[in-house]
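Here is a short note for a colleague who is opening this model now. Keep the viewer open and take the points in order.

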Amino acid sequence: MLADHEAALSVMQRIEELARCSEEADRLTRRYGSLAMRRVNALVATWMRGAGMSVWQDHIGNLRGRYAGSVGATRTLLLGSHLDTVRDAGKYDGPLGVLLALQAIEHMQCASQRLPFAVELLAFADEEGLRFGSTYLGSKVVAGTFDSQILTLTDADGMTLHDAVVAFGGDPSALAADRRAADDLLGYCELHVEQGPVLEAEGLPVGVVVAIAGQSRIAVHFKGTAGHAGTVPMTLRQDAVCAAAEFVLAVEQLGRQTEGLVATVGQMVVDPGASNVIPGHVHLSLDVRHQQDDVREDACRQLQQIAAELCTERGIAFEWQLLQMSSSVACDQQLTEELAQAVVAQGYPVRKLVSGAGHDAVALADLTRIAMLFVRCKAGISHHPAESVTTEDVGVALAILHTFLQQLALTQAGL
Ligand code: HGY
Ligand code: MN
Ligand code: MN
């Protein structure tokens, strides 16, 4: 019944509605704590209440809803994903997982069904790290791994994370209290758009995630000397952009020559930034990922060494600040097997995948066992407005989630 076109259409319509909540008029951008985030939280809270859930926003700004279990139920299953986005984002990365889970809960409420466990839906306030450079702010608070030292991080306008938490309605000193107790948890399951081309290439609507690659995010600051573009001879310059350019090409080269490594410079700010001024400073972001943590860590060390050497040669200084590091995480075998059984029950083969993208499940793995289902993505495009999934595949994912919940209910009831 959940495979009904109507239920899938409802998910798609809600995704469109959330996609209209953006900080920028002509593209989808929803940073942590923005007005656009407030709007999506308000919408999703209304839908959660409509699905019979009790709803609250925690201190970091995660929206948390609870659908109670049957009388006497003592355990809780967590479902969720994130509502923030990257800049000029696709509509599905994050909201798809939240709204699929919401639809499955809504269906149970319409059928007056209670499971022998409660279901908590977590709509995380920051997974992408767009505003403060450090990711999983929302899921780390729930997992109890949020490091309050990062409250001093500043955004592009100089506002601290501490002040952003306050502006979003939270109390920074109460973040630790928002940790979810682990003792009653059955696990965390996240549904997410694949963000890669494998499922489409193999003609499959869904895939089961077995592991998530680790990642390092680093802020690099090249400190040269600004000067007059017309008067300072080329041999006497300490041009920060030239140093940064050399570094960017070294990043690309290392990524190309190391099997399985991906390394990206996605942001670069040039200061003072005028056509007739030699660049004095460059701030850039570095994102390095690999399935094996030792390979990623070695790559980061090599790149830091390369930056040091080229800066010495050019007579400029640099700073290297590790903003975020997460190790690769394996999904829980048993919970993943239960998800795989639901895939099979719906008539699909189990395609196992490793995720190169990070997910809230990474942070939740410190709290409880995790499982993830991927939904086919058009042409593998993500972090881009062309990101797309079909209504049919959303229907398949809904049916699988429904089956997964029902199977888990039987297991919990000891049947
Ligand atoms: O960047 C990532 O891997 C994810 O989309 N947050
Ligand atoms: Mn995501
Ligand atoms: Mn993303």
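1. Start with Lys223 and Glu319. They form a salt bridge, and their closest N and O atoms are 2.6 Å apart. The pair links distant parts of the chain. Lys223 sits in strand 7 (residues 214–223), Glu319 in strand 13 (residues 317–326), and the two positions lie 96 residues apart in numbering. Keep in mind that this is a predicted model.

2. Is this pair buried or exposed? Neither label fits. Lys223 has a relative accessible area of 27%, so it counts as partly exposed. Glu319 is partly exposed too, at 42%. Buried would require a value under 20%, and exposed a value over 50%.

3. Now take Asp287 and Arg289. Their side chains meet in a salt bridge, at 2.8 Å from N to O. Asp287 has 15% relative accessibility and therefore counts as buried. Arg289 has 14% and therefore counts as buried. Arg289 returns below, at ligand 1.

4. Arg376 and Asp393 form another salt bridge, with an N to O distance of 2.7 Å. This pair also links distant parts of the chain, 17 residues apart. Arg376 lies in the loop between strand 16 and helix 11, while Asp393 is in helix 11. The two ends have unlike surroundings: Arg376 is partly exposed, with a relative accessible area of 22%, whereas Asp393 counts as buried at 5%.

5. How many salt bridges are there by this rule? The count comes to 19. Some are joined up. Arg66, Glu120, Arg180 and Asp184 are linked in a network of salt bridges.

6. Next, the metals. Which residues hold the manganese ion (ligand 2)? Its donors are His82 (NE2), Asp93 (OD) and His192 (NE2), at 2.0 to 2.2 Å. Along the chain their spacing reads H-x10-D-x98-H. Two of these donors, Asp93 and His192, come from distant parts of the chain, 99 residues apart. Asp93 belongs to the loop between strand 3 and helix 3, and His192 to strand 5 (residues 185–193). Both Asp93 and His192 are buried.

7. The manganese ion (ligand 3) comes next. Asp93 (OD), Glu128 (OE), Glu128 (OE) and His383 (NE2) coordinate this ion, at 2.1 to 2.8 Å. Note that Glu128 is listed twice, each time through OE. The donor residues are spaced D-x34-E-x254-H in sequence. Glu128 and His383 are 255 residues apart. Glu128 is in the loop between strand 4 (117–124) and helix 4 (137–143), and His383 is in the loop between strand 16 (370–375) and helix 11 (391–412). Glu128 counts as buried, at 7% relative accessibility. His383 counts as partly exposed, at 42%.

8. What joins the two metal sites? Asp93 does: this residue bridges the manganese ion (ligand 2) and the manganese ion (ligand 3), which lie 3.6 Å apart. When you judge either site, remember that water is not among the atoms, so sites may look incomplete.

9. Ligand 1 shares residues with the metal sites. Its surroundings include Asp93, Glu128 and His383, which are also donors to the manganese ion (ligand 3). Glu127, Gln215, Arg217, Arg289, Ala357 and Gly358 are also among the residues around ligand 1. Three polar contacts deserve a look. A polar side-chain atom of Glu127 is 2.8 Å from a nitrogen atom of ligand 1. An N or O atom in the side chain of Arg289 is 2.5 Å from an oxygen atom of ligand 1. Gly358 uses a backbone N or O atom, 2.6 Å from an oxygen atom of ligand 1.

10. Finally, check Asp84. It is found in the loop between strand 3 (75–82) and helix 3 (95–110). Asp84 is buried yet has no salt bridge. The nearest side chain of opposite charge is Arg30, 7.5 Å away. What does the Asp84 side chain meet instead? The backbone nitrogen of Glu127 lies 2.9 Å from one of its polar atoms. The backbone nitrogen of Glu128 also lies 2.9 Å from a polar atom of that side chain. Asp84 touches further residues, among them Asp93, Met37 and Phe124.

How values were computed
Residues numbered from 1 in each chain as written. Chains lettered and ligands numbered in written order. Predicted model: local features only at pLDDT ≥ 70, side-chain atom pairs only at ≥ 80, totals over all residues. Heavy atoms only, no water. Donors = N, O, S within 2.8 Å, 3.2 Å for Na, K, Ca; no water. Helix = DSSP H or I, 4+ residues; strand = E, 2+ residues; numbered from the N terminus. Buried < 20%, exposed > 50% of the residue type's maximum accessible area, 1.4 Å probe, protein only. Lys, Arg positive; Asp, Glu negative; His and termini not counted. Salt bridge = Lys/Arg side-chain N within 4 Å of Asp/Glu carboxyl O. Polar contact = N/O pair within 3.5 Å; in protein donor to acceptor, adjacent residues only side chain to side chain. Contact = heavy atoms within 4.5 Å. Near = heavy atom within 4 Å. Lists of a residue's contacts leave out its neighbours within four places in sequence.
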